[in-house]
Amino acid sequence: MSLAGNSSQSTPLVLDENRLFASDPVQRAIARRLYAQVTQLPIVSPHGHTDPSWFAGNAPFANAAELLLVPDHYVFRMLYSQGISLDALGIPHADGSRAKVDPREAWRLLAKNFHLFRGTPSSMWLNHVFHEVFGLRVKLDAGTADHYFDHITDALQTSAFLPRALFERFNIEVIATTESPLNALEHHATIRDSGWSGRVITAYRPDPVIDPEHEQFPSALQYFGELTGEDVHTWEGYLRAHRQRRAFFASMGATSTDHGHPDCTTADLPVDEARKLFGKIVRGQFTPAEAATFRGQMLTEMAAMSLDDGLVMQLHPGSFRNHNQRLFETFGRDKGADIPVRTEYVHALKPLLDRFGNEPNFRLILFTLDESTYARELGPLAGHYPCLLLGPAWWFHDAPEGMWRFREQTLSTAGFYNTVGFNDDTRAFLSIPARHDVARRIDCAFLAKLVAEHRLDEDEAAAVAVDLAYRLPKQAYKL
Amino acid sequence: MSLAGNSSQSTPLVLDENRLFASDPVQRAIARRLYAQVTQLPIVSPHGHTDPSWFAGNAPFANAAELLLVPDHYVFRMLYSQGISLDALGIPHADGSRAKVDPREAWRLLAKNFHLFRGTPSSMWLNHVFHEVFGLRVKLDAGTADHYFDHITDALQTSAFLPRALFERFNIEVIATTESPLNALEHHATIRDSGWSGRVITAYRPDPVIDPEHEQFPSALQYFGELTGEDVHTWEGYLRAHRQRRAFFASMGATSTDHGHPDCTTADLPVDEARKLFGKIVRGQFTPAEAATFRGQMLTEMAAMSLDDGLVMQLHPGSFRNHNQRLFETFGRDKGADIPVRTEYVHALKPLLDRFGNEPNFRLILFTLDESTYARELGPLAGHYPCLLLGPAWWFHDAPEGMWRFREQTLSTAGFYNTVGFNDDTRAFLSIPARHDVARRIDCAFLAKLVAEHRLDEDEAAAVAVDLAYRLPKQAYKL
Amino acid sequence: MSLAGNSSQSTPLVLDENRLFASDPVQRAIARRLYAQVTQLPIVSPHGHTDPSWFAGNAPFANAAELLLVPDHYVFRMLYSQGISLDALGIPHADGSRAKVDPREAWRLLAKNFHLFRGTPSSMWLNHVFHEVFGLRVKLDAGTADHYFDHITDALQTSAFLPRALFERFNIEVIATTESPLNALEHHATIRDSGWSGRVITAYRPDPVIDPEHEQFPSALQYFGELTGEDVHTWEGYLRAHRQRRAFFASMGATSTDHGHPDCTTADLPVDEARKLFGKIVRGQFTPAEAATFRGQMLTEMAAMSLDDGLVMQLHPGSFRNHNQRLFETFGRDKGADIPVRTEYVHALKPLLDRFGNEPNFRLILFTLDESTYARELGPLAGHYPCLLLGPAWWFHDAPEGMWRFREQTLSTAGFYNTVGFNDDTRAFLSIPARHDVARRIDCAFLAKLVAEHRLDEDEAAAVAVDLAYRLPKQAYKL
C-alpha cells in the first residue's frame with residue numbers, strides 16, 4: 001500500500017501531536033506532560049454499540065463506504081442536512097432493501113462534501129482513522145476519493161485489518177456491547193469459546209420489553225415469555241423473567257444495564273398498583289401517561305434487582321427518537337433523526353432515590369442530552385447522593401466543546417470523582433481509539449488550565465488524568 | 001471638522017486593530033490573517049429594520065440624539081434601567097407626543113452615563129461609529145458631550161452623511177428592510193425608480209395580519225382585504241390575499257418572509273378545521289390556545305406558499321413583547337421592554353416538519369433567544385433536516401460572547417454550513433459596519449482557535465471565514 | 001506554632017500569587033495590576049449566614065472538625081456522595097443527638113479524602129484558610145491529618161483566633177447575618193451594646209412565617225402574634241406584624257430582606273381575595289397552588305413595605321429543599337441535599353413588576369440557581385427595569401467557573417452596573433476572606449480579558465474592579 005497521495009494537487013493530511021491542547025505555551029506544555037502519562041493506557045470501553053458478530057466471526061469488513069459511511073449516522077445525517085439523499089449514500093431501507101448504489105459513488109459523495117464536517121468531531125475522528133489506522137497522508141476530497149476508496153478497501157482484505165487484529169492493535173482491555181434481553185448472546189458465547197483473549201462483554205438493555213410504546217413491544221413480550229419459560233403476562237412472572245435474563249447476561253460478562261428512556265420519570269408504586277398498571281400494559285389499554293409511569297416503575301424495579309445482582313444501572317434519557325416521520329417510514333430507526341429534548345431530573349428521579357438513593361451497594365450512572373442540567377441538576381445530585389455518578393458528555397455532546405462544557409459545569413459540584421471517565425458509545429469500531437484519544441486530550445487540556453491557573457498541582461492533575469482515562473471507568477462499571 | 005478632542009482632560013478614543021482577537025499571540029496572528037481576507041468584503045444584510053424612507057428621500061439625519069439615541073432601544077433601555085426616564089431622553093410617546101427635551105440635554109445624559117455600557121456591544125458599536133464614521137478621537141463622557149453633539153450634528157448636514165452616501169461608503173451590496181403586508185412599499189418603489197444603484201429590498205413580515213392577539217389585528221385584517229380586493233374574512237380569501245401580497249413583495253425584491261411569534265408552535269390542521277378556526281379568529285371569539293394554534297397553522301401555510309414562490313422563511317420566536325405594562329401604555333412598542341422566554345422547538349416544529357421537512361426546495365431559517373436550545377435542539381435539528389438552517393446569534397445575544405456561544409454550541413452538530421452568516425437586524429443604520437465587523441472578527445477569532453489547536457488547517461479556516469462573511473448569507477437568502 | 005510540615009513525605013502547600021489569573025502573559029499582567037487595586041479593600045458582606053452569637057460572646061471555636069467540617073455542607077456533602085456516612089463525620093441529628101465520634105477521627109476522614117475536592121471551590125477556600133489564617137505550609141492528606149488537627153485546634157484557643165479578632169484581621173467593614181422575624185436579635189443587641197466597633201447587622205428573612213408549607217409554619221405564626229401583639233390570624237394584623245418586625249430589624253441595622261422561595265411566583269390579588277386566601281392558609285386548608293399564590297402575594301406585600309421602609313429586597317428562588325427524604329428525617333435541614341430546579345422569571349415576576357417595576361425607590365436583587373436564565377431572562381430584565389439588580393453567582397455557582405459564566409452571560413444585556421458585587425452567603429466564617437478573594441480575582445481576570453482584547457481600556461477596567469469589589473455592594477444594599 002502506498003502511503004502518499006495520488007495527485008500533485010492533494011493536500012497533506014497531518015495529525016498534529018498537539019491537537020486539542022491550548023495554544024498558550026504554558027498550558028500546552030503541561031497538557032503534553034499529562035497526556036504522556038495516559039496516551040499508552042489500555043482502552044476501557046464500558047458502553048457502546050459495536051457488533052459482537054465482528055469479533056465472533058472475524059470476517060473482513062467489505063469496503064470503505066460500508067465500513068465508514070453506511071453505519072455512521074453522525075456522518076450521513078450531516079450529508080442529508082445538505083440535501084444529499086440517503087439512497088444516494090446506499091443507506092439500507094427499513095425493509096432491508098437498498099437503492100442500487102455503487103459504494104464507490106457513495107464514497108465520492110462523502111469525499112466531495114467533506115468540507116461540511118470542518119470543525120466537527122466526525123472530521124476529527126475520520127481523519128484520525130485515515131491517518132492512524134490506514135496510514136493515509138493526503139486529505140480526503142473529490143480528488144482523492146478513489147485513492148481513499150481503493151486504499152481502504154484493499155487494506156480491509158488483509159489480516160491486519162480483521163476485527164480481532166484491530167481490537168488488539170487498538171489496545172482494548174475490555175469492550176461492552178449492548179443487547180436486548182431477547183438476544184441469545186450467541187456471538188458472545190462464540191467469542192468466549194473461541195479461546196481468543198479479547199474481552200467482549202454484553203450489557204442488559206431491556207427497552208424493547210419495557211417500553212409499551214415501542215412498536216415491537218407486544219411481540220417482544222411474547223418472545224420474552226417463550227425464552228424464559230415465565231408467564232410474562234403476570235407482573236410477578238414478568239419480573240422473574242427479567243431476573244433470569246439479567247443473571248444470564250451477568251454470566252456472559254455483563255456488569256451493567258442500560259435504559260434509554262424518553263424522559264427521566266421514575267415511579268415507586270405499591271405492588272398492587274404496579275400489578276394493575278402492568279395489566280393495562282399487557283392488554284394494550286394504556287394512556288401515554290400510564291406508559292410513562294410504567295417505564296418509570298420499571299426503572300425502580302431494575303434498581304431493586306441491581307441491589308441483588310450488582311449490575312450497574314445506566315440511564316440515557318432525553319432523545320426524541322425518529323423525529324422525521326417520513327424518513328422513519330422508509331429507512332427505520334437510527335438514521336440520524338433523533339433530537340434531544342429538555343430533560344428534568346430532580347423531581348423525576350425522586351421516587352427511585354427516595355427508595356434506593358442511600359443504598360451503599362447501588363450505583364446509577366446518569367447521562368444527559370440537555371446540558372442545561374449539568375450545573376443545575378446533575379452536578380448537585382451526584383455531589384450528594386452516594387449512588388449517583390455522572391456519565392460523560394454523550395452523543396451530540398461527545399465533542400471537544402461538549403466535553404469541556406461537561407467538566408466546566410460539573411467540576412465545582414460533583415468534582416472529578418463522581419464522574420466515570422469516557423464512554424465511546426459507538427457503532428463505528430475503527431473510530432474507538434480516535435474517540436478515546438479526543439477524550440484524554442480534552443481532559444488533559446482541561447487539567448492543564450487548572451494547573452496553569454494554580455488551582456491544582458501538576459502531580460494531582462496527573463493522578464486525575466490517569467483516574468479519568470483508566471481507573472474510574474473500571475471502578476464505576478466494576479470491570 | 002476637527003478630529004481632535006476639545007479638552008485637555010479628554011481621553012483618547014482608539015479602535016485597536018486587534019480588537020476581539022485573543023491575546024494569545026499564536027491565535028492573534030492567525031485571526032489577523034483570516035480577518036485580512038474578509039474585512040474588505042461587501043456587506044450583505046439580509047435581515048434588518050432600517051427605514052426605506054431614508055434611502056428614498058435621502059434627507060439628512062437631524063442631530064446626534066435623534067440619530068443615535070432615540071431610535072436605539074439597546075441604548076435607552078440601559079439608561080432606563082439605571083433610573084433615567086425615557087422622557088428625559090426625548091423618547092416619543094405612543095400617541096406621538098414628546099416631553100419637551102432639548103436633544104443636546106438628552107445627549108448629555110447619554111454621555112454622562114456612558115460608563116454603564118462598559119463591556120457591552122452598544123459601547124463597541126457606538127465607539128466604532130464615533131471613530132470610523134465621524135472621525136472622533138476622544139472618548140464620550142460628560143466633558144466631551146457637547147463636542148460630540150456639535151461635531152456629529154454638523155457632520156450630518158453635509159452631503160457625505162446623507163443616507164445614500166453612507167450606504168455607498170459602508171460598501172453595502174444589498175440590504176433588506178422588513179415590512180408589513182399592509183405596506184404599499186412606496187419607498188422601495190421610489191428607490192427603484194430613482195436610478196440610484198443601491199440595492200434595498202423588502203421582506204414580508206405578516207405578523208400584524210396573522211397574530212389575532214396583536215392589538216391592531218381587526219383593523220389590519222380589514223385593510224388587508226381592501227388592499228387586496230380579497231374577501232379576507234373567508235379562509236380561502238385570506239390565504240389568496242397572502243399569496244397576492246407575497247407576489248407583490250417578491251416583485252419588489254423580497255427573497256424572504258419573517259415571522260416573529262411568541263413561541264415556535266406549528267400546526268397542520270385538516271382544511272375544514274383550519275377554516276373553522278379562522279372563523280373564530282375573524283369573529284374575535286377565540287381562546288389564547290386557539291390564537292396560538294392559528295399562528296402555528298399560518299406558519300405551515302406560509303411554508304406551503306414558500307414552496308411555490310421560493311421565499312425563504314425566517315422564524316424569530318421567543319420574545320415576551322411589551323413586558324412593562326405601564327411603559328407600554330405610555331410609550332408603546334419597541335421600547336426595550338421585550339424579554340426572552342424559554343422556547344421549545346422539537347415538539348413545536350414537528351407538524352410543519354412532518355409536512356415539509358424533507359422538501360428539497362423549502363428553506364426555513366431558525367433563530368432563538370433561548371441559548372439553551374443551541375446544542376440541545378437547534379444544532380441537532382439543522383444537522384439533520386435539509387430545509388433547516390440556523391440564523392446567527394440574535395438580539396440580546398448579538399454580542400461577542402453570544403456569537404462565540406452560538407458557534408461553540410452549534411459547531412459539533414450543525415457544522416458551519418448549516419448556518420447563514422450574520423444578520424445585523426438593526427434600526428441603527430450607522431452601526432451596520434460596526435456590527436458586521438464584530439461578527440467577522442468573532443468568526444475569525446473562533447476559527448483561529450480551531451487552527452491553533454490543530455482542528456482545522458488555516459486554508460480551510462480562510463475558506464470558512466469568507467463563506468460566513470459573504471457567500472453563505474447570499475446563498476441562504478437567495479441574494 | 002510550627003509552620004512547617006510534620007513529615008518528610010508531606011508536600012508543600014503553596015498559594016500562588018497568580019492563582020485564578022489566565023496563564024496568557026498579557027492577560028495575567030493586566031489582571032495583576034487590576035487586582036493590586038482591590039486586594040486591600042475592606043470586605044463588605046451584605047448577605048450571609050454567620051452566627052451573631054460568635055461576635056456577641058467572642059468565645060473560642062472548639063476544634064478543627066467542629067469549625068471547618070461540621071457546619072460546612074459544601075464539604076460533607078462531597079464526602080457523603082462517596083459513601084462516607086454523616087455519622088462518621090459527627091454531623092448532628094435533627095433531634096440534637098450525635099453519633100459518638102472523636103472529632104480527630106472525623107477530621108482524618110476529611111484529610112484522607114481531600115483528593116475528592118480537587119478543582120472544587122471548597123478545596124480552594126480551605127487551602128486559603130489553612131495557608132493564610134493558620135499559616136500551614138504542607139498539604140492536607142492522610143499523613144498530615146493529625147498535624148493539621150492539632151495545629152488548628154491549638155490556634156483556636158489563642159486570643160488571635162477569637163471571633164472578633166478574626167473579624168478585624170479579615171478587614172470586614174460590615175457583615176449581615178440573616179434572621180427570622182421571630183428572632184429577638186439579642187446577639188445583635190449584645191454586640192451593639194458591647195462597645196466593640198465591628199459592624200454586624202441583620203437581615204429580615206420571613207420564610208418561616210410566610211411559607212405555609214414550612215413544617216413549623218403554624219407554631220411560627222402563633223409566636224409571631226405573641227411577639228408582636230398583633231392578631232396575626234387576620235390579614236391586616238398579619239401585615240401589621242410584618243411592618244412592626246421590619247421596623248425593629250431596621251432599628252438593629254438591617255438594610256435588606258431576604259426571601260428563599262421554591263420558585264419565583266408573584267401575585268397581586270385584590271385585597272378581599274388576599275384576605276380570603278389568608279383565611280385558608282391560617283386554617284391550614286389550602287392546596288399546593290394556593291400556598292404558592294400566597295407566597296407570591298407576600299412577595300408583592302413585602303415589596304410594598306420596602307417602598308415605605310426602604311429595605312432592599314433579595315429573592316433567592318429555585319432550590320428543592322431537603323430532596324433526600326431519609327437524610328432529612330434523621331439529620332434535618334441544610335445537610336447538602338438541596339438541589340436546584342429550573343426557574344422561570346419572566347412570567348413569574350410580572351404581577352410584582354406590573355405594580356412596582358417602575359418605582360424609583362424600590363430595589364429588588366434577583367438571584368438564581370438556574371444559569372440558563374442569565375442571558376435569557378435575568379440580564380434582559382435587569383437591563384430594563386429600574387428596580388432590578390442581579391445578585392452574584394450563588395451557592396452551587398459560587399465557583400470560578402460559575403462566576404465567569406455569570407459575567408460572560410449577563411454583561412452584554414445588564415452590563416456591570418446592574419449587578420451588585422459579591423455575596424459570600426456563608427456559614428463558614430473563616431472562609432470569608434478566601435471567598436471574597438476568589439470573587440475579586442475572577443472579576444479582575446474577566447476584566448483583564450476584555451482589556452487584552454481591546455474592549456475596555458485599563459483605566460476603565462480598574463474603575464469597574466473597584467466598583468464590583470466595594471462600591472456597588474455598598475450602594476446596592478444601602479450600606
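How many residue pairs are in polar contact across the interface of chain C and chain A? The legends below give the answer and then visit the other meeting places.

**About the model.** This is a predicted model, in which local features need pLDDT of at least 70, side-chain atom pairs count only at pLDDT 80 or more, and totals for chains, interfaces and linings use all residues. Residues are numbered from 1 along each chain as its sequence is written, chains are lettered from A and ligands numbered from 1 in the order in which they are written, and side-chain values use heavy atoms, with hydrogens and water left out.

**Figure 1. Polar contacts and salt bridges join chain C to chain A.** Here is the answer to the opening question: the rule finds 28 residue pairs in polar contact across this interface, both residues being at pLDDT 80 or more. A polar contact is a pair of N or O atoms within 3.5 Å; within protein, one must be able to donate a hydrogen and the other to accept it, and residues adjacent in sequence count only if both atoms are side-chain atoms. Chain C and chain A also have six salt bridges between them (a side-chain nitrogen of Lys or Arg within 4 Å of a carboxyl oxygen of Asp or Glu). One to look for pairs D457(A) with K139(C), whose closest N and O atoms are 2.4 Å apart.

**Figure 2. Several elements of chain C supply residues to the side that touches chain A.** Helix 1 (25-36), helix 4 (73-81), helix 6 (121-133), helix 15 (325-331), strand 7 (339-340) and helix 18 (400-414) of chain C each give two or more residues. Helices (H or I, at least four residues) and strands (E, at least two) are DSSP runs, numbered from the N terminus. The largest share, four residues, comes from helix 4 of chain C. Sorted by class, this side of chain C has 20 nonpolar, 14 polar and 14 charged residues. In this sorting, Ala, Val, Leu, Ile, Met, Phe, Trp, Tyr, Cys and Pro count as nonpolar, Asp, Glu, Lys and Arg as charged, and the others, Gly among them, as polar.

**Figure 3. Chain C and chain A bury area where they meet.** In this view, 48 residues of chain C are in contact with 46 residues of chain A, contact meaning heavy atoms within 4.5 Å. The buried area is about 3,900 Å², and carbon and sulfur atoms give 51% of it. Buried area is the accessible area (1.4 Å probe) that two parts lose on being put together, summed over both. On the chain C side, R118(C), H323(C) and R342(C) lose the most area to chain A, together 18% of what that side buries.

**Figure 4. Chain B meets chain A with help from helix 17 of chain B.** Between these chains, 46 residues of chain B are in contact with 48 residues of chain A. They bury about 3,900 Å² between them, 51% of it on carbon and sulfur atoms. R376(B), H384(B) and R455(B) supply 19% of the area that chain B buries against chain A, more than any other three residues. There are six salt bridges between chain B and chain A. In one of them, R376(B) pairs with D370(A), the closest N and O atoms being 2.9 Å apart. Helix 1 (25-36), helix 16 (350-356), helix 17 (372-382), helix 18 (400-414), helix 19 (432-452) and helix 20 (458-476) of chain B each supply at least two residues of the side that touches chain A. Helix 17 of chain B gives the most, with seven residues.

**Figure 5. A turn of 120° lays chain B on chain A.** The fit has an RMSD of 0.0 Å, with a shift of 0.0 Å along the axis. That is the relation of a three-fold axis. Copies are superposed by least squares on the C-alpha atoms of residues with pLDDT of at least 70 in both. Only 7% of the interface residues of chain B are also interface residues in chain A, so the copies meet through different surfaces.

**Figure 6. Chain A has two parts, domain 1 and domain 2.** Domain 1 covers 25-61 + 162-476 and domain 2 covers 62-161, with bounds from an automatic or database domain assignment. Their C-alpha centres lie 27 Å apart. The two domains bury about 2,600 Å² between them, 64% of it on carbon and sulfur atoms. F61(A), F331(A) and L430(A) supply 25% of the area that domain 1 buries against domain 2, more than any other three residues. The rule finds zero salt bridges across this interface.
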